[in-house]
Amino acid sequence: MSRPPKIAILMPCFNEEQMLQHTFKVMSSYLSGLINQNLIASTSFMAMVDDGSKDNSWVQIKEEAASNGNVELRGISFSRNFGHQNAVFAGLQYFKDQADVIISLDIDLQDDITVIEEMVKKHISGCDIV
């Protein structure tokens with residue numbers, strides 16, 4: 001059996017301090033489950049791009065990254081707001097050599113995160129773009 005892929009969940013954020021703790025908890029738990037199933041590598045991580053937030057989003061990201069939780073959190077911060085698509089693009093460029101697969105996800109978790117498992121399985125079966 002080949003090794004499971006190292007996944008980065010890329011989440012751009014702008015003024016999301018009210019949502020971040022919930023997102024950290026939910027995504028860490030979900031990714032831990034995928035790691036425990038040996039579906040993704042234990043070195044998989046969350047990657048957040050702070051798009052020039054004016055609130056405490058970046059402070060929370062740095063604190064969570066330093067807490068050594070179940071799943072590693074990495075982050076980058078913009079000096080000002082450049083927009084959602086630019087944050088996604090910058091995250092893809094910055095993290096592209098740090099993971100086998102990058103999945104972009106909105107930080108508010110309004111999309112069904114359980115499709116990540118299906119996406120990973122599709123990748124493992126040979127799909128390059130899912």
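## Sheet, helices and nonpolar cores of a predicted model

T23 is buried, with a relative accessible area of 0%; buried denotes under 20% relative accessible area, exposed over 50%, and partly exposed in between, with a 1.4 Å probe and protein chains only. This is a predicted model, in which local features need pLDDT of at least 70 and side-chain atom pairs count only at pLDDT 80 or more, while totals for chains, interfaces and linings use all residues. Residues are numbered from 1 along each chain as its sequence is written, and side-chain values use heavy atoms, with hydrogens and water left out.

T23 lies in helix α1. Helices (H or I, at least four residues) and strands (E, at least two) are DSSP runs, numbered from the N terminus. Not counting residues up to four places away in sequence, T23 touches M11, S28, M48, I107 and L109, where contact means heavy atoms within 4.5 Å.

**The sheet**

In what order do the 4 strands of the open sheet stand? The order is β3-β2-β1-β4, and the pairing is parallel. Two strands are taken to pair if DSSP finds at least two bridges between them. In general, the strands of a sheet pair through backbone hydrogen bonds, either parallel or antiparallel. β3 (72–77) and β4 stand at the edges with a single partner strand each, so one side of each has no neighbour in the sheet. From one strand to the next, the twist averages 25 degrees; axes are lines fitted to C-alpha atoms, for helices over the stretch in contact, and angles run from 0 to 180 degrees between N-to-C directions.

The strand pairs are listed below, each with residues that stand opposite one another.

| Strand pair | Sense and bridges | Opposite residues |
|---|---|---|
| β1 and β2 | parallel, 6 bridges | M11 and M48; L10 and A47 |
| β2 and β3 | parallel, 6 bridges | A47 and R74 |
| β1 and β4 | parallel, 4 bridges | A8 and I102; L10 and S104 |

L10 of β1 thus has a residue opposite it in β4, S104, and another in β2, A47. A47 in turn stands opposite R74 in β3.

**Helices and crossovers**

Helix α1 packs on the sheet, touching β1, β2 and β3, and its direction makes about 155 degrees with that of β2. Helix α3 (residues 84–95) also packs on the sheet; it touches β1, β2, β3 and β4, and its direction makes about 150 degrees with that of β1.

The chain passes from β1 through α1 to β2 in a right-handed β-α-β crossover. Right-handed means that, with the strands pointing away from the viewer, the path from the first strand over the helix to the second runs clockwise. A right-handed β-α-β unit is also made by β2, helix α2 (residues 57–66) and β3.

**Burial of β1 and β2**

Why is β1 described as largely enclosed by the rest of the structure? The description holds because 7 of the 7 residues of β1 are buried. Both of its faces are covered: I7, I9, M11 and C13 are buried on one side, and A8, L10 and P12 on the other. β2 is mostly covered, with 6 of its 6 residues buried. On one side of β2 the buried residues are F45, A47 and V49, and on the other they are M46, M48 and D50.

**Nonpolar cores**

The largest nonpolar core has 26 residues, and those with the most contacts inside it are I9, M11, M27, L31, M48, L105 and I116. Such a core is a set of buried Ala, Val, Leu, Ile, Met, Phe, Trp, Tyr and Cys residues joined through side-chain atoms within 4.5 Å. At least two residues of this core come from each of β1 (7–13), α1 (17–36), β2 (45–50), β4 (101–104) and α4 (115–124). α1 gives the most to this core, with 7 residues. Leaving aside neighbours within four places in sequence, M27 is in contact with I9, M11, M46, L105, L109, I113 and I116. Apart from the largest core lies another, of 11 residues, including A8, V49, I76 and F78.

**Cysteines**

C13 is buried, at a relative accessible area of 2%, whereas C127 counts as partly exposed at 31% relative accessibility. The structure holds 0 disulfides, a disulfide being a pair of cysteine sulfur atoms within 2.5 Å.
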